Structure formats: C-alpha cells, structure tokens
Amino acid sequence: MKTADNNPMKQKHIINATVENQPGVLSRIVGLFSGRGYNIDTLNVGPCADPMFSRMTITVIGDEHVLEQVTKQLNKLVDVIKVNDLTSQRYLERELILLDVAAPRNKRAEIMEIVALFKASIIGVRENFVTIQFVGSREDVEDFLRVLRPYSIMDLSRSGLLAVSRGAD
Amino acid sequence: MRSGARCVIEGLEKVGCKVLFGYPGGQIINVFAELIKSRSIRFVLPRHEQGAVHMADAYARATGEVGFCMVTSGPGATNTVTGLATANMDGVPLVCLSGQVSTTMIGNDAFQEADTCGITRSVTKHNFLVRDVNDLPRVMVEAYHIARTGKPGPVLIDLPKDVQVGRTAVPFPDTFTRVGYRPSYEGHPKMISRLASLINSADRPLLYVGGGVIAAGACGLLAELAHKADIPVTTTLMALGAFPETDPLSLCMCGMHGMIAANMAISECDLLISVGARFDDRVTGKVSGFAPNAKIAHIDIDPSAIGKSVRCDLPVVGHLEVVLKALLPQVREQKHASWVEKCLDWKKADPFSYEPSPSGAIMPQYVIEQIDAVSGGKALICTDVGQGQMFAAQFFRHNTPRNFLSSGGLGTMGFGLPGVIGAQIGRPGQLCVCVTGDGGMQMNLQELVVAVEHKLPVKVLILNNGYLGNVRQWQDMFFGRVHSATVLTQDGRPENEHIKASPDLPAYLPDFVKLAEAYGAKARRISAPEDVAPALKEAFDDPSVWVLEFIVEPMSNVLPMIPPGGSVKDTIRRFS
Ligand SMILES: Cc1ncc(C[n+]2csc(CCOP(=O)(O)OP(=O)(O)O)c2C)c(N)n1
C-alpha cells in the first residue's frame, strides 16, 4: 500500500513541521523518510520566530495513504511539535531560484525583456552570461524556466519550496 | 554539586530502577564506579551487550516495569542494536545508557567512537546525546517517561565521558514538559460510542487482540467485553495469555501458523475489533484477503498503527484501559449463539495437531504439551525464534498475561536464553522455561553462566532437530528441498559447504550436555518420548539451572501454515 508508483492519486504534498531547534532533529526526520521509503522532493529548515523552534517545509510525493503515514510518523517523533499538511488548506508558497543564463550581446535584450516580464531581477553580469534571481510559486518557477530554456541555462540553484498556511478553508 | 556519573545513578534510583544489566568499558567506567555505591540497584553482568539488552527487555516484558541496561561506547553500543530493535518492534519499555567519547572528541574517529545516536535512531523510540551535564537530570527523567508512556519502547541515552566527569547542581525535574510528546490517552468519546453501536449491531463480531492489551494492563477489561457481548477472541503471538485459551470464546492464536478457526473467523466476521494489535503481515497474509467481509475497528494508543497496512473503518486512538472502560457500559449484553457455535465447530474440526514421528523420535510439539502438563500450566515460557517458538505458541495453553515472552516483531534468534534470565530475575518465584533450538541456543550461549552464578532456577529446553528447522521447512516447502545453509549436523551438508562427515568427530556438534556442565549447569539429553515428562519433572522440581537437550524428530514442520502473501483458503494443513 505504500508508494504505488503507478498510482494516479500520487501527488505533491507540502508539509510544515514545527520542531525543536536542536542538533540531531534534522537527521531524525531525514532518517524517518529514508527508513520508511518516503520520497522527499524538497526540504527547507530555518529557525521560527521563537528561536527555540525550527520550521521545516517538506514537499513529499505520494498518495493519500503515504501522506497520512508521513504525518503520523512525524507526529510520533518526540522533537516534532506540530505537523501541518498544507495541501488541504489555503496557503501561500514561494521558491527562490538563482540561475546563470548564457547572454551573448545579441540575446541580451531579449533576456532582459523576459526578466522584466516575470518581475525577476538580474543580480550579476559577466561577459557571456547573466545571473538571474527569481521568486515565485512552483507554477511561476516552471513557467519562467520554460521560457528561459531556449537560452541555455548554464547553472541553476533552487531553494526548494517555502510555504505558510493561511488557515483552514 | 555532583558529577554526571553520580547523577546517572541518582536518576536510576529516582525512577525506581531495581536491576541494571550492564557491561563495562573505558567510556562508561565513571558511571560503574558510582554504581558500586548504590544500595538499591542490583547489578547483573551478562557476557555480551546483546545479552544485556535482551535481559532488560525480558525483565520488562515479564514484570511490566521498565528495563535498564548500560554499556560502553563504540563496540559496546553497536552490540546493543539487535536488542534495541527487538524491543522497539515489540514496544518494550527500556532505558539503555551508553558511554561515549568526550564531546570534544566526537567526530574525530576517536578510540571506540561510534555515532551511537545515529546508529540507534531507527531502532529506538527516542534517543539522547547529552552534550551538557546540566541537561542530564532532565534527560534521565524524560528517557524514563518516554520509554513507558504512549506506545512503550526503548530509549537510549548517550553519555560522553566529559559529561560523566562534569559537575552539576541541577535538580531532577518533577514534571515532564516536552511539548512534542503528548500521547493521547482518552479516546474520542464519539468514536467510542460509534464503536459501541457497531458492536451492538454486529452479527459476527470478532476481537483481534495484540500485545498492546498486555502492555496496557487491560486483559481483565478485554475479558469483560468478550463475555458481555459474547464475542470470540483471537490473539496475536504477542498477546498470548491476554485472554485465557481455555475460555470457550478463545480461538487461540491467529496468523500464518495460527489456529484455522481463528483465521476462518477473521475471514467470515462482519466486525473485526482490533485491540492493541498492529496487523503485522505474519497475521494478515495478503492484505486484500484479510477480513474481507468485515468492518474494521481499531483501538490503539499509536495513531500510526491505524490504517498503516489494513484499511480501518473506525479508528479509536487511546489507552486501551481508558477506552475499554468507557466502551463497556455502552455495549449491550447479548448472545451471538450461532456465530460462536460456528467458531467452536471450526475449532473442533481443526485443533492444533501433529502426526507421530515415523522413526518413533520425540515430537517437539509433544515436549511443549508436556511442559504444560508437568508445570500444571504454570510455566512462564520465554522462546527463541524458529519452529520451537511456534510450537510453544501452539501447544501450550496460554492463560496468563506476561507468561509468554517472545521476539515477535523482529524475530530475533538469541533472545531466548538471555530472555529467560531477565524474566527470572524479575519474577523470582516463577517457574521460568526457555524453549530454544539447537541454532538459537548458540546465538547467546555465553549467558548461561549468568543463570548459574546468580543461582537462577531457569530451565533451558533445547529442541535439537539438527537443522535451522524453520528455514529448512521453508526450503522444503518453497525451494525444492535444497538445504542450503540449514544443516547443523556433519552429515547431509550440501556440496558447497565442503564438510565431509569425519569419523573422528561426532555427527553432531557441540555436545550441549557437556557444554552446559562446563558452565556449571545440570544437564541431560533425552531421546525417548517416555523420558520427556520425567526429565521435565526432575528439572522443574530442582532449583538448579537445568539444560535439557531433547533430540527431536528432524523433519517436523510447523502447521497449519498460510503461505506468505496468501489467505486462509490457501492454508497448508499437511506437508511431508
Ligand atoms: C538473528 C537471526 N538470524 C537469522 C534468523 C532467521 N531464522 C529464523 S528461524 C531460523 C532457524 C532457527 O533454528 P533453530 O534455532 O535450530 O530452531 P528451529 O527452527 O529448528 O526450532 C533462522 C535461521 C533469525 N530469525 N534471527
């Protein structure tokens, strides 16, 4: 019943976990995922407003059953305070990406135009390429990358997803 | 101010540790130095750290208290892994203390350094690396609390040398304050009343009972429920003794080697009430064929057990004692005469049974029946893993909770001997019997000395069939009778094992009787069926450590058997 690869119900879930800000907690959570065969797509960790706690945003791929188990298993960990599956709620999500795009003189204007259209920004310029920063939802990021793909992306760093809940529907 | 080492011992005394099983070494030497001064903690020195953990584990299973063990860093700690995993799978409350190199050395590949918390993370309920001696009082209290509450489990505390040496004045906290750990005990009232109405309206209800009932001390309430609503009961291996098997409502053990009546009842019931069981694959077989006609209600303290492997129509998360107490008054007194009769008919049609040995050898099942008879049903049985374990489950009538101890979830060979020692230490007046195989006996043989030096009157019964019998049975059934790596005698080894029977060696090694005597135990080898009962009687009546080696039919099989991934209709009743 676990990760059924051909399961059409498989989808990406965003989980926010509030955990104690202590050494070893990250490895406990990552270990839980690998030990039980759950797939982490992205993982973000940073301190909460109260520095005693950290917030982890985890995106997981799986069906409802996998997600239910992930949530329960996370909740079972002693240093996990709260687990919130955002997928069933209203939430806001953002990802930051940094990318180097080849920008010979004759293409530069086009690239600048795309950057402007997407409200991205150029944060570095070299002879042959520019470094672009973009922040957006998963969908925005995919759109942006699709449009830039013809321009030879030389390097790409993605932050993975961050999300905040806007409360239940 | 006191040292960290002192604080560990004070902490153990504070939480009521009566027995500590431990093995020393350089990185835990300070704590052992303080242990000597304790007036209330009895110390037991096993001969291998795995033995220490199994002893503490079985002590906990037999008494319902938390078990305690202590080992050194590196190899001492890595030797605990199997024991911790065993306890973790079966939800046994343990606190394991391990030495560690100084915090300043951690990560440097120091002498006898191992990343103990990393290694044991997935085989413990929780673990702590204590980095600051001022945290130690809190950690001691938390570890004990976490081990015994919620679904119990093993907790490890890793103690760096400098933390043992460091000094602290911090007192032990009176309360537990981890916000992330709040097991729910109550059970949702709405769910409980829905469960009651499901029970009240069911035609063919069945109680499927797991080890959680024993852990929760809820066996009495369970029996009350079964009798009030006239519901047949089947237990898992872990719950043997939770409901008396001599009760007419008992269908004994279910699962792969369970009673056919129990598995039939599971497949025919219209309401399956799981009480503290976790739907292990050794019970369910093919999940889609499990309880196909039933609504499934699941009461458990562990929310993650619910819906994990089998669909659940009605979850109730809570402590079984609390939930059953709330449930009972809402359940109507009633009779399910025709359903119960049907179950009893199945039971009558297919009791646990076995055929005699073609050569007239002792049947291992017979030895178990005689343990029951000679002890008047009073023996506590601690099993090893294999065929003997299953025979002990099938052929002894289990009527008392905490009298059948077995590594159910992990299936750890080598549990039996240290286990019976831990159990006997926890239950001094109790007749404690270990049922083991010629394979399993050799996995933690070294612990025999502990039984002898502590004058524990344990009875170690070896069912010697000359094979790793359980695996040999699978090879005969599913692998074309090729005995790869399962023959323990000199004769009959497959080609690749390069062992030719040599005339100057006995056909079978080791000589368990001589071995037992070398450890200072009394021992006897029994080969004739008529000698079984007298030998048991002699051993049971004598306060010495006894090792009885029963030379049993080599080819006996555990039956009935639902092949892995199968369902009750695939049951193998006969095989030769
Ligand atoms: C530590 C460990 N290793 C391997 C196994 C796999 N295994 C399960 S039963 C068994 C054979 C046990 O043989 P024996 O102790 O002689 O008992 P028998 O089955 O013959 O009664 C083996 C090898 C196990 N359960 N545990």
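This passage describes the fold of chain B, from its overall dimensions to one sheet and selected helices.

The structure is a predicted model, in which local features need pLDDT of at least 70 and side-chain atom pairs count only at pLDDT 80 or more, whereas totals for chains, interfaces and linings use all residues. Residues are numbered from 1 along each chain as its sequence is written, and chains are lettered from A and ligands numbered from 1 in the order in which they are written.

The C-alpha trace of chain B spans about 75 × 70 × 45 Å along its principal axes. The radius of gyration, taken over C-alpha atoms, is 24 Å for chain B, which agrees with the value near 25 Å for a compact globule of 576 residues; the globule rule is 2.2 Å times the number of residues to the power 0.38. A residue is termed buried if 20 or more other C-beta atoms, placed from the backbone, lie within 10 Å of its own, exposed if 12 or fewer do, and partly exposed in between. Buried residues account for 54% of the 576 residues in chain B. Two residues are in contact if their C-beta atoms, placed from the backbone, lie within 7 Å. Of the contacts in chain B between residues at least 6 apart in sequence, 76% join residues at least 24 apart.

Chain B contains 22 helices and 20 strands, which are DSSP runs numbered from the N terminus (helices H or I, at least four residues; strands E, at least two). Six of the strands form an open sheet with parallel pairing, in the order 16-15-17-18-20-19; two strands pair if DSSP finds at least two bridges between them. Strand 16 (404–405) and strand 19 (522–526) of chain B each have a single partner strand, so one side of each is left without a neighbour in the sheet. Two bridges join strand 15 (residues 380–383) to strand 16 of chain B in the parallel sense, and Cys382(B) stands opposite Leu405(B) of strand 16.

Helices lie across this sheet. Helix 17 (residues 387–395) of chain B crosses strands 15, 17 and 18, at about 135° to strand 17. Helix 22 (residues 532–541) of chain B lies across strands 18, 19 and 20, at about 170° to strand 20. Axes are lines fitted to C-alpha atoms, for helices over the stretch in contact, and angles run from 0 to 180 degrees between N-to-C directions.

Helix 9 (residues 189–201) of chain B has 13 residues, and its end C-alpha atoms are 18 Å apart, which agrees with the expected span of 18 Å, namely 1.5 Å times one less than the number of residues. Ile192(B), Leu195(B) and Ile199(B) are its buried residues. These residues fall within an arc of 60° seen down the axis of helix 9, so they line one face of the helix; the arc is that of the directions from the helix axis to the C-beta atoms. On the other side of helix 9, Lys190(B), Ser197(B) and Ser201(B) are exposed.

In helix 15 (residues 337–349) of chain B, the buried residues include Trp339(B), Cys343(B), Trp346(B) and Lys347(B). They cover an arc of only 100° around the axis, which puts them on the same side of helix 15. The cover over the buried residues of helix 15 includes strand 11 (250–253) and helix 12 (260–268) of chain B.
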